[in-house]
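Work through the exercises below with the coordinates loaded. Each task is followed by its solution.

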Amino acid sequence: CAAENWYKGGTDMVQVNLDNFSVKQIAQSGQCFRMNEIKPGVFQVIAYGKRLVLEQEGRRVTFHCEEKEYKNLWRRYFDLETNYRYYIDHIDPEDPYLTAAVKVGGGIRILRQELWETMVSFIISQNNSIPRIQKSIETLCLFCGKGHEEAGGVWYEFPRPEALLAEEDLAPAKLGYRTKYITELAKNVTDGVISLEALAAMEQEEAGNYLKSIYGVGAKVADCIQLFSLHQLDSFPIDTWIKQIISAKYGGKFPVEMYSGFAGVIQQYIFYYARQRAEKKA
């Protein structure tokens with residue numbers, strides 16, 4: 001029926017068995033703001049101008065898309081060709097907090113997200129809660145993004161830079177002081193002052209310095225962009241959650257050097273675990 005096709009995104013599907021992969025954990029990990037559970041066990045993600053519906057039962061994951069799209073886009077997006085068991089096996093067994101964290105969030109993977117969307121999303125994330133970030137981004141997409149009709153519903157792409165040049169167009173998203181950061185970024189990207197292509201080709205240190213030179217981008221936002229879009233896995237974003245954990249569990253200094261090459265993966269295990277524990281206490 002039309003409604004069911006809307007949930008599933010059509011009749012094409014690809015089924016794969018995956019280890020160390022949880023759609024639910026990834027959706028709740030704070031790295032992506034357009035991945036949502038649309039009904040129990042069924043998730044929707046909108047990225048790169050595409051809408052994907054996926055389901056998971058144990059190791060079996062069903063991607064409701066054509067095989068070509070799965071191979072060309074989603075397999076890379078979800079970082080499925082990386083062995084996350086390697087990262088888990090290299091966690092210090094004498095670190096009780098991290099050992100507990102990976103038992104809770106060992107299905108997280110670092111998404112390879114579109115650079116422009118990631119930059120805007122994490123500028124919006126500054127001093128903000130995840131529900132508010134999600135609401136602002138969805139509103140931005142609704143008012144400024146390209147719409148697509150499918151059987152039973154409509155979905156919207158993330159707005160391109162040229163759609164975010166005027167502050168009044170962003171007003172419905174209620175972004176406050178972040179509005180001027182985004183319009184300035186959009187103007188610099190459309191004018192060629194900021195090159196996304198050049199940024200995507202930079203090594204970690206150069207990319208970090210370049211990002212931090214952009215109006216409205218500080219160290220934490222830069223680290224998030226580097227980790228969740230550029231896939232520079234030594235990036236280790238430090239927000240309030242991480243700061244509190246490092247202070248309480250690691251004497252003020254986390255041993256990042258122990259996890260050279262994948263410190264950002266470790267950061268995600270810690271962040272997810274901290275949020276899950278806080279939600280249980282609430």
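**Exercise 1: burial and overall size**

Task: state what share of the residues of the chain count as buried, and compare the radius of gyration with that of a compact globule.

Solution. Of the 282 residues, 52% count as buried (under 20% relative accessible area; exposed is over 50%, partly exposed in between; 1.4 Å probe, protein chains only). The model is a predicted one, where local features need pLDDT of at least 70, side-chain atom pairs count only at pLDDT 80 or more, and totals for chains, interfaces and linings use all residues. Residues are numbered from 1 along each chain as its sequence is written, and side-chain values use heavy atoms, with hydrogens and water left out.

Next, the radius of gyration is taken over C-alpha atoms, and the globule rule is 2.2 Å times the number of residues to the power 0.38. For 282 residues a compact globule would come near 19 Å, and the chain has 19 Å, which agrees. The C-alpha trace spans about 50 × 45 × 40 Å along its principal axes.

**Exercise 2: an aromatic pair**

Task: classify the pair of Tyr 87 and Phe 262 and locate both residues.

Solution. Rings of Phe, Tyr and Trp (its six-membered ring) pair if their centres lie within 6.5 Å; planes under 30 degrees apart count as stacked, over 60 as edge-to-face and the rest as tilted. Tyr 87 and Phe 262 are 4.9 Å apart centre to centre with 20° between the planes, so the pair is stacked. Tyr 87 lies in helix H4 (residues 84-89) and Phe 262 in the loop between helix H13 (240-249) and helix H14 (263-281), so the pair ties together parts 175 residues apart in sequence. Helices are DSSP runs (H or I, at least four residues), numbered from the N terminus. Tyr 87 is buried at 9% relative accessible area, and Phe 262 is buried at 5%.

Note on methods:
Helix = DSSP H or I, 4+ residues; strand = E, 2+ residues; numbered from the N terminus.
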